[in-house]
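Here's a quick briefing to read alongside the model. Have the sequence and the structure open as you go.

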Amino acid sequence: MTNPMSEKKIVVIGATGQIGSELVVELRKKHGDQQVVAVSSRSVPKGELANGPHETVDATDRDALKSLFERHCPDTVYHLAGLLSATGEKDPARAWAVNIGSLTNVLDLSRDLGVRQVFWPSSIAAFGPTTPRDNTPQNTVLAPTTMYGVTKVTGELLCQYYWVKYGLDVRSLRYPGLISYKTPPGGGTTDYAVAVYFEAIRNGNYDFFVGPDTVLPMMYMPDAIRATIELMEAPAEKIKVRTSYNLTAMSFSAEELAKTVADHVSGFSCSYSPDFRQQIADSWPRSIDDSAARKDWGWKHEYDLERMTAEMIKNIK
Ligand SMILES: NC(=O)c1ccc[n+]([C@@H]2O[C@H](COP(=O)([O-])OP(=O)(O)OC[C@H]3O[C@@H](n4cnc5c(N)ncnc54)[C@H](O)[C@@H]3O)[C@@H](O)[C@H]2O)c1
C-alpha cells in the first residue's frame with residue numbers, strides 16, 4: 001500500500017543540532033530518506049544524517065534560503081536553527097539577528113513559495129521572573145529577562161501573526177530542557193542535565209553549574225521528537241494555540257538528578273558551582289501546566305526521571 005505521506009517534501013533547518021539530528025532520522029523513517037533535506041549552517045551532516053539530501057545554508061541569508069526552497073519545493077519546514085540561552089546571553093545582538101532574522105526569512109518564504117506547514121520551537125525561556133513559577137499556565141505573563149527569551153516571545157507572536165494574517169499553518173511547542181545522548185547540547189541553561197550523565201560515566205564526578213535546589217522542567221529527547229511529529233500531524237482544527245504550546249514531562253532538582261545518577265553509577269560524587277546560568281535558571285518556571293497540549297492534540301509523555309536515567313546510562317556506556 002502506498003503511504004500518502006511518502007510524497008511529502010520536508011526541509012529541516014538546524015539539522016545537525018541536538019534536536020535536528022534526531023528529528024531528521026525519525027522523519028526519514030516515516031517519509032523516506034530522499035524526502036527530508038537536512039540543512040545546517042556550517043557543519044556538514046555526518047553519519048545517519050548523510051543518508052539523504054543535505055545542504056549548508058545560513059538561514060539569515062534570505063537569497064540563499066530562497067534558492068534552497070525553490071530547488072526543493074518543501075511542503076513542510078521544521079525551522080530549528082537558533083542560538084540558545086547561555087550562548088545568546090554572551091552575544092545578545094547576534095542572538096536577535098540569528099533567531100529573528102532566520103525566522104522572518106522562513107515565514108516570508110513559506111508564505112510566498114507555497115509551503116503548507118511550518119514548525120518552530122519556542123522554549124520555557126519565553127517566561128520570566130514575574131511569571132508564576134509552579135505549574136506555569138498556558139496563558140500567563142511573558143516578560144523574559146534574557147535575549148533568548150525575548151526572541152522566543154517575539155517568535156511566538158510572529159508565528160500567530162502569519163497564521164491569522166496569511167493562513168500559514170505554523171505550529172510551535174515551548175520545549176522544556178531536552179536531555180539526549182546522541183548529539184551534545186548547544187549552549188543552553190539545562191545542559192547540566194545532559195553533562196552529568198557523560199561526566200558520571202567518564203570521571204565518576206560532576207560539578208553542576210547550578211545549585212542543588214534548582215528545579216526546571218525537562219524531557220527526554222524521544223518524547224520531544226514524538227511530540228513534535230504528533231503536533232504536526234494533528235488535524236488543523238485541533239490546534240487551538242497558535243503562539244506556542246506548553247509542553248513538559250518531568251521536573252526535578254539538580255540534587256534529585258544527582259541522586260538518581262548515583263543509583264546507577266556506583267561511587268558517583270558531585271559538587272555545585274553556580275555561574276551566570278543560575279540567574280537564567282532562576283527566571284524560568286519550575287514546572288509547567290501542559291494540559292492544553294494534552295487536551296487539544298492528545299500529548300502524553302512516556303519518560304520520567306528513572307526511566308530516562310536508565311536509558312541514558314545504558315546508551316552512553
Ligand atoms: N535543546 C533544548 O533543550 C531546547 C529547549 C527549548 C528550545 N529549544 C529550541 O530548539 C531549537 C533547536 O535547538 P537545539 O538544541 O537543537 O540547538 P543546537 O544548538 O544543538 O543546534 C542548532 C542548529 O542550528 C544550526 N544553525 C545555527 N545558526 C544557523 C543559521 N544561521 N543558519 C542555519 N542553521 C543554523 C546549527 O548548525 C545547528 O544545526 C532552537 O530554536 C532552540 O531554541 C531547544
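Helices here are DSSP runs of H or I with at least four residues, strands are DSSP runs of E with at least two, and both are numbered from the N terminus. Keep in mind that this is a predicted model: local features need pLDDT of at least 70 and side-chain atom pairs count only at pLDDT 80 or more, while totals for chains, interfaces and linings use all residues. Residue numbers start from 1 along each chain as its sequence is written.

**Domains and how they meet**

- The protein chain splits into domain 1 (8–176 + 219–246) and domain 2 (178–218 + 250–287 + 303–316), with bounds that come from an automatic or database domain assignment.
- Taken over C-alpha atoms, the centres of domain 1 and domain 2 are 25 Å apart.
- Contact means that the C-beta atoms of two residues, placed from the backbone, lie within 7 Å; by that rule, 30 residues of domain 1 are in contact with 22 residues of domain 2.
- On the side of domain 1 that touches domain 2, α1 (20–31), α3, β11 (215–220) and α7 (221–233) each supply at least two residues.
- That side of domain 1 has 14 nonpolar, eleven polar and five charged residues. For these classes, Ala, Val, Leu, Ile, Met, Phe, Trp, Tyr, Cys and Pro count as nonpolar, Asp, Glu, Lys and Arg as charged, and the others, Gly among them, as polar.

**Around the ligand**

- A residue counts as near the ligand if its C-beta atom, placed from the backbone, lies within 6 Å of it.
- There are 30 residues around the ligand, and Gly14, Gly17, Ser41, Ala81 and Gly186 come nearest.
- Both domain 1 and domain 2 chip in, each giving at least three residues to the shell around the ligand.
- Among the elements, α4 (92–112) and β9 (177–179) each supply at least two residues of that shell.
- By class, the shell around the ligand has twelve nonpolar, 16 polar and two charged residues.

**The nonpolar core**

- Buried means that 20 or more other C-beta atoms lie within 10 Å of a residue's own, exposed means 12 or fewer, and partly exposed is in between, with C-beta atoms placed from the backbone.
- A nonpolar core is a set of buried Ala, Val, Leu, Ile, Met, Phe, Trp, Tyr and Cys residues joined through C-beta atoms within 7 Å.
- The largest nonpolar core has 94 residues, and Val12, Ile13, Val24, Ile179 and Val196 have the most contacts inside it.
- This core lies between domain 1 and domain 2, because both give residues to it.
- Setting aside neighbours within four places in sequence, Val12 has contacts that include Gly20, Leu23, Val24 and Leu27, along with Val36, Val37, Ala38 and Val39.

**Helices α1 and α4**

- The expected span of a helix is 1.5 Å times one less than its number of residues.
- The twelve residues of α1 should span 16 Å, and its end C-alpha atoms are indeed 16 Å apart.
- Buried residues of α1 include Gly20, Glu22, Leu23, Val24 and Arg28, and β1, β2 (36–40), β4 and α7 are among what covers the buried residues of α1.
- Gly32 follows α1 and has a positive phi, near 105°.
- For the 21 residues of α4, the expected span is 30 Å, which agrees with the 30 Å between its end C-alpha atoms.
- Among the buried residues of α4 are Ala95, Val98, Asn99, Leu103 and Leu107; their cover includes β1 (10–13), α2 (62–72), β4 (76–79), α3 (85–90), β5 (117–119) and α5 (147–166).
- Just after α4, Gly114 takes a positive phi of about 80°.

**Loops worth a look**

- Cys73, in the loop between α2 and β4, is not a glycine but has a positive phi near 45°.
- Cys73 counts as exposed because it has 11 C-beta neighbours inside 10 Å.
- Asn135 sits in the loop between β6 (122–123) and α5, and its phi is positive too, about 50°.
- With 15 other C-beta atoms within 10 Å, Asn135 is partly exposed.
- Thr145 is also found in the loop between β6 and α5, and it touches Gly128, Pro129 and Ser283, not counting residues up to four places away in sequence.
- Thr145 and Gln279 are 134 residues apart in sequence but 9.8 Å apart in space, C-alpha to C-alpha.
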